[in-house]
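I set out to record how the two chains of this model meet and how they are related. I then turned to one sheet.

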Number of protein chains: 2
Amino acid sequence: MAGQISAKAATDPIRLPAHVVVYRQLRDRVLFGEFEPGQPVTIQGLTEALGVGMTPVREALRRLTAEGALEFLGNRRIAVPVLDAKAIEELAIARKALEPELARRAAQRATQADVMLLAEIDRRLDAAIRRGDVHSYLVENHSFHAELNALAQAPILTEMVDRLSLRFGPSLRVVCGQFGTRNLPDRHKDVLAALASNDGDAAAEAMLGDVAQGMEQIRQGLI
Amino acid sequence: MAGQISAKAATDPIRLPAHVVVYRQLRDRVLFGEFEPGQPVTIQGLTEALGVGMTPVREALRRLTAEGALEFLGNRRIAVPVLDAKAIEELAIARKALEPELARRAAQRATQADVMLLAEIDRRLDAAIRRGDVHSYLVENHSFHAELNALAQAPILTEMVDRLSLRFGPSLRVVCGQFGTRNLPDRHKDVLAALASNDGDAAAEAMLGDVAQGMEQIRQGLI
DNA sequence: CCGGGCAAGTTTTGATCAAATTCACATCTA
DNA sequence: TAGATGTGAATTTGATCAAAACTTGCCCGG
């Protein structure tokens with residue numbers, strides 16, 4: 001079966017609990033837009049699709065709803081949240097408040113090797129855009145922000161930002177699906193330059209621009 | 001038994017699922033410091049204490065850990081997180097970034113009735129401080145912020161702030177336990193004045209001061 | 001001879017599953 | 001149209017399995 005879970009590889013020293021595996025699978029699906037906004041999710045459907053019992057599925061769903069990746073539709077129904085204009089505005093405010101601060105701290109701590117790693121990711125990101133490969137674009141873009149945030153050494157703030165990504169992931173996919181990967185400008189080059197010179201203020205400024213642009217893109221796309 | 005759950009009151013029209021009831025109970029306990037930081041929590045202990053099966057308990061714990069209210073200690077144990085200086089700094093940054101914005105929006109929307117409700121809460125808060133009643137102080141202080149944030153009509157930002165409260169709730173209790181309720185200055189009066197005149201900037205400014213003071217209090221108390 | 005550390009056995013605890021129950025929605029009938 | 005009913009899904013429970021922690025006792029070194 002396609003969705004089968006292999007919790008233990010041949011040489012895998014530790015066995016991950018099933019609920020963790022399920023959580024990660026669903027999380028990535030939401031993050032990279034493999035669920036459409038509004039699409040209903042059923043527990044029993046997932047138990048069959050993933051080949052596990054319902055307790056792990058329930059726990060993974062509980063965690064994802066707590067994180068805002070999924071949403072309770074009142075009566076015992078779970079679905080991918082549909083963003084309205086107000087929600088997008090709130091997400092934009094939160095991202096603009098947090099991500100520049102993380103970029104500032106990342107810049108203060110970034111080594112040459114860190115910058116090269118991020119530059120490599122950004123190269124792959126540009127390649128994905130040129131190919132029109134939406135999925136790779138989403139993966140690399142998330143990877144860029146995640147690696148950069150990790151440099152900031154601020155786990156709580158990073159976690160908050162990760163949650164925000166989960167919320168607009170599905171919509172980002174929809175927007176890309178509409179307009180393709182053209183017109184996806186980013187300020188990653190500015191961010192990288194600021195990181196390379198360990199200039200926190202410049203990094204924060206550039207990240208603010210990148211986030212503002214990204215959220216504006218989503219806002220426009222969803223009308 | 002003391003911890004028995006009464007999911008349905010006499011006139012309660014809807015019956016809440018057990019996992020929701022368990023979640024709320026545990027959430028309030030964390031929020032108002034009835035768990036000490038570092039105190040271990042076991043699933044089976046809770047099933048016996050609360051008189052429900054383990055699935056609802058597991059789901060409630062999964063949700064609380066996702067929210068940062070509880071923490072997995074690698075080895076099979078769940079505990080209330082212990083805050084270090086770095087964590088407090090991050091929480092302070094996040095609160096100072098978000099709560100003033102919520103206060104600004106609340107001020108733009110606050111009616112006379114809203115202000116009176118908040119003033120009443122603040123009166124009870126002052127009374128609790130005079131009595132030296134730590135638990136009531138925590139309850140009313142949280143109530144003040146929660147009601148104010150609700151006025152802002154920004155569910156995502158409000159949820160983010162609620163999560164932050166869950167993280168420093170236990171430590172706030174510890175600090176109050178050390179120093180009593182003396183020296184608990186707040187800027188709530190300034191906030192109320194700003195709300196009454198619908199002055200968003202003033203409300204944000206006052207809230208920034210209140211948050212900064214509160215987090216500084218925690219920082220000092222935990223050394 | 002005494003104390004500390006290692007090891008095997010016991011016990012507690014977490015993870016998972018399958019069955020039974022409850023609930024919400026839809027449909028059918030009067 | 002309103003009420004009864006059936007269907008399917010969510011919820012909950014209790015049992016079972018596996019793993020980790022604790023305890024006990026033994027062995028070795030000082």
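**Notebook: the contact between the chains**

Entry 1. I worked from a predicted model. I first looked up the contact between the chains and found that 19 residues of chain A are in contact with 19 residues of chain B. I took contact to mean C-beta atoms, placed from the backbone, within 7 Å.

Entry 2. I next asked which helices supply at least two residues each to the side of chain A that touches chain B. They are helix H3 (54-66), helix H4 (85-109) and helix H7 (155-179) of chain A. I noted that H4(A) gives the most to this side, with eight residues.

Entry 3. I then sorted the residues on this side of chain A by character. Eleven are nonpolar, one is polar and seven are charged.

Entry 4. I looked up how chain A is superposed on chain B. The operation is a rotation of 180° with 0.0 Å of shift along its axis, and the RMSD is 0.2 Å. I recorded this as the relation of a two-fold axis. I also found that 100% of the interface residues of chain A are interface residues in chain B as well, so the copies meet through the same surface.

**Notebook: a sheet in chain B**

Entry 5. I found an open sheet of three strands in chain B, with the order E1-E3-E2 and antiparallel pairing. Strand E1 (40-41) and strand E2 (71-73) of chain B are the edge strands, and each pairs on one side only.

Entry 6. I followed E1(B) to its partner, strand E3 (residues 77-79) of chain B; the two pair in the antiparallel sense over two bridges. Opposite Val41(B) I found Ile78(B), which lies in E3(B).

How values were computed: Residues numbered from 1 in each chain as written. Chains lettered and ligands numbered in written order. Predicted model: local features only at pLDDT ≥ 70, side-chain atom pairs only at ≥ 80, totals over all residues. Pairing = 2+ DSSP bridges. Helix = DSSP H or I, 4+ residues; strand = E, 2+ residues; numbered from the N terminus. Contact = placed C-beta atoms within 7 Å. Nonpolar A, V, L, I, M, F, W, Y, C, P; charged D, E, K, R; others polar. Least-squares fit on C-alpha atoms with pLDDT ≥ 70 in both.
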